[in-house]
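I opened this structure to make a few short entries for someone who has not seen it before. I will take the entries one topic at a time.

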Amino acid sequence: MKTNIAVFFGGRSTEHEISVISANQAMAAIDADKYNVIPVYITKDGRWFTGEALRDVKNYRDMKSLTGRCTEVYMRPVYGDYNLYLARKKMFGSDVAATIDVAIPVLHGSNGEDGIFEGVLETIGLPYAGCNTLASANGMDKITMKMILQAEGIPVVPYVWFTDKQWSADRERRIRQVEDSLGYPVIVKPANLGSSVGIGRAANREELIDRIEDAERYSTRIIVEHMVEHLQEINCSVLGDCDEYLTSVLEEPIKSGDFLTYEDKYMGGTKGTKGMQASEKRFPADLPEAETKRIQELAGDTFRVLSCHGVSRVDMIVDRDDRSIYVNEINTIPGSLSFYLWEGSGIRFTELMERLVRLALKRKREGEAKTVSYDQNIFSMGAFAGAKGSKGTKS
């Protein structure tokens, strides 16, 4: 019997299309001799579909036609129930569309990479690849991530943060906070988005206001960072779990402006939309050996401190003026699953997917060895008879 691998992708996210591309790359790389691949596409309005038509990116040009050729499904939030159920039940026969053995989420951005979807899988108890709910949430939120890294002595650029309501209530105070703490220029970002969505550079007060107003369209929490003007961006992927992991060769993405844009990352110049591997880059990055090792060390430390799992990509900043190195962010479900970094490190895409499956099953086995509840029923004990809350019973 082959193992059934469900790949979840799409989702209610600004990175929806990139997720579709990454997932199709991943599904094509899974060894069909060992695994049955079950695509599960989540539409932008949150409906789930499965079907072979989902495995061809060209079909996504006509969404109505695509979903019409597929089967709408759902999962029940019942522990141990690993079935996909038909949304429209048959009059006769089973309403089970498929049974899943392992899930591989390839959901970039909000409502997928941020721990929300991982929480659903943990509620069901389904083995899955990648970071758990806590690591996903901490990795996705740039503010929380930087707080944790700072506490562990991992270098990040200076920053300030505030909520959209704090900005609306007292703009002048927030502007002074940025100017007094950071000066100009700065980079303004929504706290919990990836793919450079909502990110902008501000060189003065007027631009700062504009960039913050743009960022708050996407998030309730805003982060403003000191901008390293002469920066070199370097990426490193990490594979494994927080106790045992490997780091990849490095890449240097080539940006068209002050920072990597959505187009730089995914449109690949004239190459078309082919995921992260199509973006312009120097690969491997041309760095001194000592810097390469230091970046790989910091990438691994970031993965470990955040308790990550599966495959992630850590994006670094190198200050060209003094060669200082900072962790910029971690992508817990990186574009194209960073397969090109691993192929450059001697691990083929098929082997990468195999390792993700093994990691998912290993975590499930280890989790089952932990105690999560007690067999005793305290309500059957005489001491609790007639209890009315923490104050006990009246005499």
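**Entry 1: a helix residue**

I looked up Val 120 and found a relative accessibility of 36%, so Val 120 counts as partly exposed. Val 120 sits in helix α3. I then checked the spacing to Thr 133: the two are 13 residues apart in sequence, and their C-alpha atoms are 9.1 Å apart in space. I note here that the model is a predicted one.

**Entry 2: cysteines**

How many disulfides are there? I took a pair of cysteine sulfur atoms within 2.5 Å as the rule, and by this rule the count is zero. I looked at Cys 308 in particular, which is in no disulfide. The nearest cysteine sulfur belongs to Cys 131 and is 3.8 Å away. That fails the rule because a disulfide needs the sulfur atoms within 2.5 Å.

Is Cys 308 buried or exposed? Cys 308 has a relative accessible area of 1%, so I entered Cys 308 as buried. Cys 70 has 12% relative accessibility and therefore also goes down as buried.

**Entry 3: α1 and α12**

I turned to helix α1 (residues 16-29) and helix α12 (residues 349-368). Their axes come within 8 Å and cross at roughly 95°. I therefore recorded α1 as roughly perpendicular to α12, because angles of 65 to 115 degrees fall in that class.

Which residues meet there? From α1 I listed Gln 25, Ala 26 and Ala 29, and from α12 Phe 349, Thr 350 and Met 353. I sorted the residues of this contact by type and got four nonpolar, two polar and no charged.

**Entry 4: the buried side of α8**

In helix α8 (residues 205-215) I found Leu 208, Ile 212 and Ala 215 buried. Why do they lie on the same side of α8? They cover an arc of only 60° around the axis, so they are on the same side of the helix. An α-helix has 3.6 residues a turn, so residues three or four places apart point the same way.

I also listed what the buried residues of α8 pack against. The strands are β8 (159-163), β9 (186-190), β10 (200-202) and β11 (221-226). The helices are α6 (164-169) and α7 (171-181).

**Entry 5: cis peptide bonds**

I looked at the bond between Tyr 184 and Pro 185 and found a cis peptide bond, with omega about 0°. Pro 185 is in the loop between α7 and β9, and both of those elements are in the list of packing partners for α8.

I noted another cis peptide bond between Phe 283 and Pro 284, where omega is about -5°. Pro 284 is in the loop between β14 (281-282) and α10 (289-305).

**Entry 6: positive phi**

I checked Asn 111 and found phi near 65°, a positive value in a residue other than glycine. Where does Asn 111 lie? Asn 111 is in the loop between β7 (102-106) and α3 (116-124). With a relative accessible area of 27%, Asn 111 is partly exposed.

For Arg 323 I also wrote down phi near 65°, again positive in a residue other than glycine. Arg 323 lies in the loop between β15 (309-319) and β16 (325-331). The relative accessibility of Arg 323 is 30%, so I entered Arg 323 as partly exposed.

Technical notes. Residues numbered from 1 in each chain as written. Predicted model: local features only at pLDDT ≥ 70, side-chain atom pairs only at ≥ 80, totals over all residues. Heavy atoms only, no water. Buried < 20%, exposed > 50% of the residue type's maximum accessible area, 1.4 Å probe, protein only. Axes fitted to C-alpha atoms, helices over the stretch in contact; angles between N-to-C directions. Helix = DSSP H or I, 4+ residues; strand = E, 2+ residues; numbered from the N terminus. Parallel < 35°, antiparallel > 145°, perpendicular 65-115°, else oblique. Contact = heavy atoms within 4.5 Å. Nonpolar A, V, L, I, M, F, W, Y, C, P; charged D, E, K, R; others polar. Arc of directions from axis to C-beta.
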